[in-house]
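Reader: I am new to this structure. Please take me through one part of it closely, and then show me what lies around that part.

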Amino acid sequence: MSKNKIWLCLAVLLVLTAAAALKYSTDSFSELNIQTVGELSDEEHPKIALTFDDGPHPVYTPKLLDGLKERGIHATFFLIGKNIEGNEELVNRIQEEGHLIGSHTYNHVQLNKLSESKARDEVLKGCNKIYETTGTYSSFVRPPYGSWKKNLDFCITMIPVSWNVDSLDWKTQNTEKIVKRVVKDVGEGDIILMHDIFDTSVEAALQIVDTLTEEGYQFVTVDELLLE
Ligand SMILES: [Zn+2]
């Protein structure tokens, strides 16, 4: 074999090796990419729940429902019994659109300041109002001010629902501050407290949904977090 032929063979071999190496690295790169940016399965999305107290509100609740529907998100609404009066259609809309309804007592009272029988009546009256309106008994109650009456669970079979993240939306009534606070504090399994009776809360809630969905969170109703 002439010197020239040997050089030619070596050059061909070099090109083939380089091509093989390049193909290998491209393959491993795309495998890596699939693993890094691939879709998370349902179990891998951390679950959190948005909850809204003190409604229904004839203006802000429908606005919130529109925004949640657009995003395919379900939330939990703890309704004040007396606010249901005159807003029955709205309450049925909340249920029809797949949200969970709980009671926030009938008159928004601080249960631990009442006698046992009065506290029980408040919770049951709120619950009955929801049943009269929607035909469904709610299993969940959010005690106003977070004050549950000691031993009330002995005579009421409803589950009291607290929260882990307080948006303080009623206090600041500032969309940017509400969003910042919730996004900073939230973690897997958390229940977020908000109120659908302020425009700023509705705006903030929808921004929170957008930001946290982007971060991989999955919004569920509180029964999914509490009854697992
Ligand atoms: Zn309240």
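What follows is a close look at one strand and its surroundings. Which residues of strand S7 are buried, and which way do they point?

Author: A word on the model first. It is predicted. The protein chain has 228 residues, and buried residues make up 42% of them. Its secondary structure comes to 9 helices and 8 strands. Take the contacts in the chain with a separation of 6 or more: 76% of them join residues 24 or more positions apart.

Now to S7. This strand covers residues 191-195, and 5 of its 5 residues are buried, so S7 is largely enclosed by the rest of the structure. Ile191, Leu193 and His195 point one way. Ile192 and Met194 point the other way. Both sets are buried. There is a general pattern behind this. In a regular strand, side chains alternate between the two faces of the sheet.

Next, the strands beside S7. Strand S1, residues 47-55, is joined to S7 by 5 bridges, and the two run parallel. In this pairing, Leu50 stands opposite Ile192. Strand S6, residues 165-166, is also joined to S7. Here there are 2 bridges, and the strands again run parallel. Asp166 stands opposite Leu193.

S7 also feeds a nonpolar core. The largest such core has 32 residues. Seven names stand out for touching the most other members: Leu50, Phe52, Leu64, Leu68, Phe77, Ile192 and Met194. Several elements give two or more residues to this core: strands S1, S2 (76-79) and S7, and helices H2 (60-71), H4 (88-96), H7 (175-185) and H8 (199-214). Helix H8 gives the most, with 7 residues.

Follow one core member, Phe77. Set aside its neighbours within four places in sequence. Phe77 is then in contact with Phe52, Thr61, Leu64, Leu65, Leu68, Ile94, His99, Leu100, Ile101, Gly102 and Asp196. Apart from the largest core lies another one, of 10 residues. Its members include Leu111, Cys127, Trp148 and Leu152.

Some of the contacts of Phe77, including Leu100, Ile101 and Gly102, lead to strand S3, residues 100-103. Leu100 and Gly102 point one way from S3. Ile101 and Ser103 point the other way. All of these are buried. S3 pairs with S2 in the parallel sense, over 4 bridges. Ser103 in S3 is the bridge partner of Leu79.

Helices H2 and H8 both give residues to the largest core. A salt bridge also ties them. Lys63 pairs with Glu203, with the closest N and O atoms 3.1 Å apart. Lys63 is in H2 and Glu203 in H8, 140 residues apart, so the pair links distant parts of the chain. Lys63 is partly exposed, at 33% relative accessibility. Glu203 is partly exposed too, with a relative accessible area of 35%.

H7 is another contributor to the largest core. Just before it comes a loop, between helix H6 (169-172) and H7, and Gln173 lies there. Gln173 is partly exposed, with a relative accessible area of 39%. Leaving aside neighbours within four places in sequence, Gln173 is in contact with Phe198 and Thr200. The C-alpha atoms of Gln173 and Thr200 are separated by 5.7 Å, though the residues are 27 apart along the chain.

Now for other charged pairs. The structure holds 13 salt bridges. In one of them, the side chains of Asp185 and Lys184 meet at 3.2 Å, N to O. Asp185 is partly exposed, at 37% relative accessibility, whereas Lys184 is exposed, at 64%. In another, Glu132 joins Lys129, with the closest N and O atoms 3.5 Å apart. Both lie in helix H5, residues 116-134, about one turn of the helix apart. Glu132 is exposed, at 60% relative accessibility, but Lys129 is buried, at 10%. Asp66, Lys69, Arg93 and Glu97 are linked in a network of salt bridges.

Last, the outside. The accessible surface of the chain comes to about 13,000 Å², and 54% of it belongs to carbon and sulfur atoms. Ile159, Leu226 and Leu227 make a nonpolar surface patch of about 250 Å². Ile159 is found in strand S5, residues 159-160. Ile159 is partly exposed, with a relative accessible area of 31%.

Technical notes. Residues are numbered from 1 along each chain as its sequence is written. This is a predicted model: local features need pLDDT of at least 70, side-chain atom pairs count only at pLDDT 80 or more; totals for chains, interfaces and linings use all residues. Side-chain values use heavy atoms; hydrogens and water are left out. Buried means under 20% relative accessible area, exposed over 50%, partly exposed in between (1.4 Å probe, protein chains only). Contact means heavy atoms within 4.5 Å. Accessible areas come from the Shrake-Rupley method with a 1.4 Å probe; for residues, only the protein chains shown count as cover. Two strands pair if DSSP finds at least two bridges between them. A nonpolar core is a set of buried Ala, Val, Leu, Ile, Met, Phe, Trp, Tyr and Cys residues joined through side-chain atoms within 4.5 Å. Patches are made of residues with over 30% relative accessible area and no salt bridge: like charges are joined within 9 Å, nonpolar side chains (Val, Leu, Ile, Met, Phe, Trp, Tyr) within 5 Å. A salt bridge is a side-chain nitrogen of Lys or Arg within 4 Å of a carboxyl oxygen of Asp or Glu.
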